[in-house]
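Hello,

Here is the structure I promised to pass on to you. Have a look at it first, and then read on for what turned up.

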Amino acid sequence: MSADMTAAYAPLLRRIHWATAVLFIAAVLIGFYCGLQPAGTSPRRELLEVHKSLGMTLLFLSVLRLMVRAATRVPPEPSSFGALVRLAARLNHVTLYLILFAMPLTGYAFSSAGGYSLKYFWTFSWPRLVSGNPEIAHAGEVAHDTLAYVVYVAVALHIAATIWHAWVVRDGTLARMWPRSGDSER
Ligand code: HEM
Ligand code: HEM
């Protein structure tokens, strides 16, 4: 095993990454489906509550993630990465981190301002930060729906790059994020 293959992100960061991956992809699929349905219909109403709740969960998970990232050692990029691949990977990761905050915040803003439901999984409601402000509601919705295209492209490139590294280059990039035995010791 090369030195690159033993370098890995902190165990907690890897766990949060995969929890994020599952919740994020579910939120995107539900959001996409809801975007195609007419407002006020069922199951759009119920699914949107799940979508918003997943989105708010992702917001908190991302705050925790950045704290864990700042407090732990981030492995240097594999030496197989040339300057261009390194730049592409960094750009992709920064975009994904920005999205992890921009999507929940624009969603929260437009649901707050538009007077839409802000219930968390049929329990409590998040505080309405701004209310009854059609300009903010409109701007937030346009931003959320426009950024959705950035999401589709960035996540597709991210998954394609992982497949390329795992099956074509075989440089152990996936192993840096993969859960492994002995995680609890470190
Ligand atoms: C990581 C978090 C989130 C992601 C990735 C995400 C992604 C998406 C996507 C891809 C769509 C479909 C857009 C379209 O087809 O036009 C959508 C729609 C929507 N999202 Fe989110 N979203 C997130 C968080 C939130 C949050 C926190 C809220 C509200 C509190 C929210 C409220 C909505 C609403 C109401 C729609 C339907 C919009 C429409 O029909 O125009 N989203 N979201
Ligand atoms: C099936 C889905 C996914 C796979 C196979 C995957 C795979 C990976 C791998 C292998 C890495 C390590 C890259 C490296 O060491 O340079 C990574 C990093 C990362 N992934 Fe994913 N990922 C997936 C989904 C997602 C999703 C949905 C997001 C966020 C929206 C995401 C955000 C990130 C970020 C921000 C990093 C950089 C980590 C850091 O430096 O802190 N991933 N991913």
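A good place to begin is the pair E77 and R90: they form a salt bridge, with the closest N and O atoms 3.0 Å apart. E77 sits in the loop between α3 (44–71) and α4 (83–113) while R90 belongs to helix α4, so this contact ties together parts that are 13 residues apart in sequence. Please keep in mind that this is a predicted model.

E77 has another partner too. It also makes a salt bridge with R86, where the closest N and O atoms are 3.7 Å apart. Together, E77, R86 and R90 are linked in a network of salt bridges. Are these residues buried, exposed or partly exposed? E77 counts as partly exposed because its relative accessibility is 22%, and buried would need a value under 20%. R86 is partly exposed as well, at 29%, and so is R90, at 49%.

How many salt bridges does a search of the whole structure find? The search gives three. One of them joins the side chains of R45 and E46, at 3.7 Å from N to O. With a relative accessibility of 32%, E46 counts as partly exposed.

Next, the aromatic rings. Searching the whole structure gives nine aromatic pairs. Among them is the pair of F124 and W126, which is edge-to-face: the centres are 5.0 Å apart and the planes are at 80 degrees. The two residues differ in how much they are covered: F124 is partly exposed, at 42% relative accessibility, whereas W126 counts as buried, at 18%. Both belong to one aromatic cluster, which also includes F60, Y120 and F121.

Finally, turn the model to look for a nonpolar patch on the surface. The patch is formed by I25, L29, I159, I163, W164, W167, V168 and V169, and together they have about 800 Å² of accessible area. Two elements each give two or more residues to the patch, namely α2 (11–36) and α5 (134–169). Which of the elements gives the most? That is α5, with six residues. I25 is found in helix α2, and at 38% relative accessibility it counts as partly exposed.

If you would like a route through the model, try the salt-bridge network of E77, R86 and R90, then the aromatic cluster with F124 and W126, and then the patch to which α5 gives six residues.

Enjoy exploring!

Best wishes

Terms used: Residues are numbered from 1 along each chain as its sequence is written. Chains are lettered from A and ligands numbered from 1 in the order in which they are written. This is a predicted model: local features need pLDDT of at least 70, side-chain atom pairs count only at pLDDT 80 or more; totals for chains, interfaces and linings use all residues. Side-chain values use heavy atoms; hydrogens and water are left out. Patches are made of residues with over 30% relative accessible area and no salt bridge: like charges are joined within 9 Å, nonpolar side chains (Val, Leu, Ile, Met, Phe, Trp, Tyr) within 5 Å. Accessible areas come from the Shrake-Rupley method with a 1.4 Å probe; for residues, only the protein chains shown count as cover. A salt bridge is a side-chain nitrogen of Lys or Arg within 4 Å of a carboxyl oxygen of Asp or Glu. Helices (H or I, at least four residues) and strands (E, at least two) are DSSP runs, numbered from the N terminus. Buried means under 20% relative accessible area, exposed over 50%, partly exposed in between (1.4 Å probe, protein chains only). Rings of Phe, Tyr and Trp (its six-membered ring) pair if their centres lie within 6.5 Å; planes under 30 degrees apart count as stacked, over 60 as edge-to-face and the rest as tilted.
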